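Here are a few short exercises to work through with the model open beside you. Try each task before reading its solution.

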Amino acid sequence: MDRRKFLKLAGLSATLAGGVPGFLNREVKARSYTPPPGALTARRWGLAIDIKKCWEEPHCNDCIKACHAVHNVPDIPDRKKEIKWIWKDEFEHAFPEQPNEFNNILFTHKPFLLLCNHCKNPPCVRVCPTQATFKREDGIVMMDYHRCIGCRFCMAACPFGARSFNWVDPRPYIKEFNPEFPTRMKGVVEKCLFCYERLEKGQIPACVEACKRKALIFGDLEDENSELVRLLKSRFSIRRKAELGTEPSVFYLI
Amino acid sequence: MYNSDKVIPGIIIFVLFVTLPIWWNHGKTVAAPQPELPQGRCVESRAYMRSHHMQILNDWRNKAIRDGMRVYTASDGARFWIGLQGGCMKCHQDKSKFCDRCHEFAAVKPYCWHCHIPPETKEFEEPRPSKLLKLFGIPEKLGESGKVEAEETYHHAEH
């Protein structure tokens, strides 16, 4: 075989092995992805909790019930295995730094509403080995449950205990499920996601909507004209473990 | 060749054993799966969906969850809301008559439904004891042991 024949044969084999060239392929590739129209958007979502208003209804759990019903959060009686997205705990547990002894007299044993703080510097995101938890551009600390491998590094990193691990299949513990939202499976970590699925449809988070005293105020922390920013500028507020530098986006008006 | 009286029959038996699935099923026909298709069109052509639905689903979940891109514009310009429960299953209203028909035939077990809820689901099953749980004697239904503790803290909070 001379060189000319060899090159011809090599060229023909390469073409055949490479399959049909792209420009002959019939399938049109004009597909595109766009954000949903009518979605609520912000540069940094935040939440203020007017705790005085919250205390006016000491036995009200409307926000917790609304959140857990919408997101198929199971009700597991064994507290070591419980799942919670939003819950209540006492002041001294939520704010363990204890600013001064007299504040403690005022607030000890008072219930505070707790949830994921959607920190500006989220330590959970830094430690996640699969980027299953990540920071969205609008400030939401998001979970991609498809990617979670259940290593629980994020739970160790979160200083607020905002994350729960599914030790068992959660489905049997969901009494009435919401068919529009998935559940989780055994072996993944879950938490509050600031109702990203409601924001996409132009709705405010379920807990904010459920509060009859309007004690929860949701808005854009980087929008000077938002109700949230005006409120935070006019009233004194505290954040959980602010000294850690995670910059929580959940504020407590006291 | 040494020991050819043993080696050659051995090779023949080995080849017959390895190819057993081929000639065991030879000549048998199995009906092709018939998934129930809803009226109207899907997001892309039928042939494309048949061969590429897994890639589309994978792209969709990444785009929707990770990039916030919830609207899909198909190759012919039609627009669709991205979602499994909120998108696909709004038309394909019965997972057992659509997804399962082919997946069972092809013996593939995608894990979509460990979390996503098929539209025909009425209620979730009671927990089933796994072999591991039985081995360690762990009850399948988590007990009420935690409840007393929970009430105690609650009363504590009342003071």
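Helices and strands here are DSSP runs, with at least four residues (H or I) for a helix and at least two (E) for a strand, numbered from the N terminus. Please keep in mind that this is a predicted model.

**Exercise 1. Two residues with positive phi**

Task: Find where F194(A) lies and where K214(A) is found, then decide whether each is buried or exposed.

Solution:
- Start with the general expectation: most residues other than glycine have a negative phi.
- F194(A) has a positive phi, near 55°, and sits in the loop between β8 (189-190) and α8 (196-199) of chain A.
- K214(A), which is not a glycine either, has a positive phi of about 55°. Its place is the loop between α9 (206-210) and β9 (216-220) of chain A.
- Now apply the cut-offs: a residue is buried with 20 or more other C-beta atoms within 10 Å of its own, and exposed with 12 or fewer.
- F194(A) has 26 C-beta neighbours inside 10 Å, so it counts as buried.
- K214(A) has 9 other C-beta atoms within 10 Å, so it is exposed.

**Exercise 2. The partners of β11**

Task: Work out in which sense, parallel or antiparallel, β11 of chain A pairs with β2 and runs relative to β10.

Solution:
- Take β2 (residues 45-50) and β11 (residues 250-253) of chain A: four bridges link them in the parallel sense. Within this pairing, L47(A) stands opposite V250(A).
- Next take β10 (residues 237-238) of chain A, which runs antiparallel to β11(A) and is joined to it by two bridges. On this side, S237(A) stands opposite L253(A).

**Exercise 3. Around L47(A)**

Task: Describe the surroundings of L47(A), and say which residues it touches beyond four places away in sequence.

Solution:
- Locate L47(A) in strand β2 of chain A.
- Count its neighbours: L47(A) is buried because 25 other C-beta atoms lie within 10 Å.
- List its contacts, leaving out residues up to four places away in sequence: L216(A), F218(A), S249(A) and V250(A).
- Finally, check a distance: from C-alpha to C-alpha, L47(A) and F153(A) are 26 Å apart, with a sequence separation of 106 residues.

**Exercise 4. An outline of chain B**

Task: How many helices and strands does chain B have, and in what pattern do they follow along the sequence?

Solution:
- Chain B has seven helices and two strands.
- Along the sequence they read α-α-α-β-β-α-α-α-α.
- Of the 159 residues in chain B, 11% are buried.
- Among chain B contacts with a separation of 6 or more, 50% join residues 24 or more positions apart.

Conventions: Residues numbered from 1 in each chain as written. Chains lettered and ligands numbered in written order. Predicted model: local features only at pLDDT ≥ 70, side-chain atom pairs only at ≥ 80, totals over all residues. Pairing = 2+ DSSP bridges. Contact = placed C-beta atoms within 7 Å.
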